[in-house]
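Subject: Structure handover

Hello,

Here is the structure I said I would pass on. My notes follow below it.

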Amino acid sequence: MEKILISRSSVGDKSSEKKRLKVCLPVSFELETGEILQRGCGKKKLYETDVGWHCLYCGNYLYRREPSLKAIWFHFRVGREYWRAMFSLDNVFINGVPVSGLPDCLPRRLISDRLEPNPPPWFSYFIFYDGPQFKKYLENYKHA
């Protein structure tokens with residue numbers, strides 16, 4: 001019986017592969033419980049995806065400044081599965097991570113749209129408008 005040998009081959013040279021990877025810079029956050037959360041491993045393991053960069057080693061995401069609306073919608077839908085806003089003294093925490101400003105309030109009538117694979121018409125306004133502007137937009141918006 002013959003042994004099977006598996007080898008990895010790539011198109012082009014290995015140095016071009018390494019040039020495409022970026023450094024995953026460590027960033028620390030203090031949670032509402034006082035626990036310090038660190039994201040990023042400091043290694044050169046970030047590779048490019050449709051929404052930004054993803055670390056092969058620690059799983060950290062760095063989002064592009066202007067990703068596509070469809071990519072943002074996908075991550076918005078996934079993030080809203082576990083969405084939890086909390087207030088503590090003068091701080092606002094979303095899923096335990098401190099944020100600046102107030103958490104956004106998505107009306108209940110729009111929550112059912114999370115099941116849609118493509119972004120609904122209101123989503124681009126939700127991203128680009130601030131809270132009062134978005135509420136004003138929703139007053140005239142006819143939900144299907």
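Is H54 buried or exposed? The model is a predicted one, and in it H54 has a relative accessible area of 17%, so this residue is buried. H54 belongs to strand β5, which covers residues 52-55. The side chain of H54 comes to 3.5 Å from the backbone oxygen of G59.

Aromatic residues

There are 15 aromatic pairs in the structure. One of them is formed by W73 and F76: the ring centres are 5.7 Å apart and the planes meet at 25°, so this pair is stacked. The cut-off behind that label is an angle under 30 degrees. Helix α2, residues 69-80, holds both W73 and F76, and the two are three residues apart, about one turn of the helix. W73 has a relative accessibility of 0% and therefore counts as buried. F76, at 12%, counts as buried too.

W73 and F76 also belong to an aromatic cluster, whose other members are W122, F123, Y125, F126, Y129, F134, Y137 and Y141.

Another ring to look at is that of Y57. The charged end of K43 sits over this ring, at 4.2 Å from the ring centre.

The nonpolar patch

On the surface, L69, Y125, I127, F128 and Y129 make a nonpolar patch of about 450 Å². Which helix gives the largest share of the patch? Helix α4, residues 121-128, does, with three residues. Y125 and Y129 appear in this patch as well as in the aromatic cluster. L69, another residue of the patch, is found in helix α2. Because its relative accessible area is 32%, L69 is partly exposed.

Around S68

S68 lies in the loop that runs between β6 (61-63) and α2. With a relative accessibility of 41%, S68 counts as partly exposed, because the range for that label runs from 20% to 50%. A polar atom of the S68 side chain is 3.1 Å from the backbone nitrogen of A71. Where does S68 stand relative to V51? The two residues are 17 apart along the chain, and their C-alpha atoms are separated by 7.2 Å.

If you want a place to start, display W73 and F76 in helix α2, then turn to the patch that includes L69 and Y125.

Regards

Definitions and conventions
Residues numbered from 1 in each chain as written. Predicted model: local features only at pLDDT ≥ 70, side-chain atom pairs only at ≥ 80, totals over all residues. Heavy atoms only, no water. Phe/Tyr/Trp six-rings, centres within 6.5 Å; stacked < 30°, edge-to-face > 60°. Helix = DSSP H or I, 4+ residues; strand = E, 2+ residues; numbered from the N terminus. Buried < 20%, exposed > 50% of the residue type's maximum accessible area, 1.4 Å probe, protein only. Lys NZ or Arg CZ within 6 Å of the ring centre and 35° of its normal. Patch = residues over 30% accessible without salt bridge, like charges linked within 9 Å, V, L, I, M, F, W, Y side chains within 5 Å. Areas by Shrake-Rupley, 256 points an atom, 1.4 Å probe, with all protein chains shown as cover. Salt bridge = Lys/Arg side-chain N within 4 Å of Asp/Glu carboxyl O. Polar contact = N/O pair within 3.5 Å; in protein donor to acceptor, adjacent residues only side chain to side chain.
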